Amino acid sequence: MKENKYDDNTFFQKYSQMSRSQKGLQGAGEWETLRRLLPDFKGKRVLDLGCGYGWHCIYAMENGASSAVGVDISRKMLETAKEKTYFPEIEYICRPIEEVDFPEESFDIILSSLALHYVVDYENLIKKIYKMLKHGGNLVFTVEHPVFTAYGTQEWHYNENGEILHFPVDNYYYEGKRTAVFLGEKVIKYHRTLTTYLNTLLMNGFTIKNIVEPQPPQDMMDVPGMKDEMRRPMMLIVSARKIK
Ligand SMILES: C[S@@+](CC[C@H](N)C(=O)[O-])C[C@H]1O[C@@H](n2cnc3c(N)ncnc32)[C@H](O)[C@@H]1O
């Protein structure tokens, strides 16, 4: 069964306190990097998989998209998204990403920000995305980096003085389910190798335009814990285009 952690009251409350929840895209460390990789939205039909509060749908509309559809498994996240959204052209659908199935070539751009590591069957999803995108359409997604998801717990290892020793990486080639600790709560995620993330695109009709492992922005370095983000990659950004 698919986990719907963001509908859990405690988790939802904690998530709502994060900088990216309070400040929107400007509060997300990767935003400036991601923004530069986004295609031109003018007149485009956009789908956002795992849209959360809807920040990326709203951004797409603010930048000229003709319509946007945000899909998320969490009712609570979508309730917040609807409160924040002032564009009637945005439709929010409460559904697991795995069950999304629009007709062929329904979208010009498909986005997904930090949600695909919750999906078990990545290849099946990429095949569906291929079908739903028009020819020449763009797929841009961010996921937790395979170095970050490999071991599972996603916690630093500390010495007896409480100082960080290192971040554990283990079982890298064993893909599949992991139980991570995020915001002090157990959350199920799915680990995949970098090869799987990229080759699955290449083998299913996409060309890769850009790959970035974003570093924390200089102006956020004073945020507690941010300097430690230079010690290992936490995120992977991929931009691809449907070619065939
Ligand atoms: C880290 S949040 C990111 C939200 C948003 N994309 C952003 O960047 O602000 C992950 C989102 O993915 C959603 N999610 C997790 N698993 C999902 C699934 N199987 N189907 C649809 N949404 C899912 C969660 O409910 C949550 O809103």
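Biologist: Which residues have the most contacts inside the largest nonpolar core?
Modeller: Val-46, Cys-57, Ala-60, Ala-68, Ile-110 and Leu-139, in a core of 55 residues. Helix H4 (residues 55-62) gives the largest share of this core, six residues. A core here is a set of buried Ala, Val, Leu, Ile, Met, Phe, Trp, Tyr and Cys residues joined through C-beta atoms within 7 Å. Buried means 20 or more other C-beta atoms within 10 Å of the residue's own, exposed 12 or fewer, partly exposed in between, with C-beta atoms placed from the backbone. Helices (H or I, at least four residues) and strands (E, at least two) are DSSP runs, numbered from the N terminus.

Biologist: Any caveats?
Modeller: It's a predicted model: local features need pLDDT of at least 70, side-chain atom pairs count only at pLDDT 80 or more, and totals for chains, interfaces and linings use all residues. Residues are numbered from 1 along each chain as its sequence is written.

Biologist: OK, what does Ala-60 touch?
Modeller: Phe-41, Val-46, Ala-65 and Ala-68, leaving out residues up to four places away in sequence. Touching means C-beta atoms, placed from the backbone, within 7 Å.

Biologist: Switching topic: what's the phi of Leu-114?
Modeller: About 55°, so positive although Leu-114 isn't a glycine. Most residues other than glycine have a negative phi.

Biologist: And where is Leu-114?
Modeller: In the loop between strand S4 (107-113) and helix H6 (122-132). Leu-114 counts as partly exposed because it has 16 C-beta neighbours inside 10 Å.

Biologist: What about Leu-183, where does that lie?
Modeller: In the loop between strands S8 (176-182) and S9 (185-191). Leu-183 has a positive phi near 55°.

Terms used:
Two residues are in contact if their C-beta atoms, placed from the backbone, lie within 7 Å.
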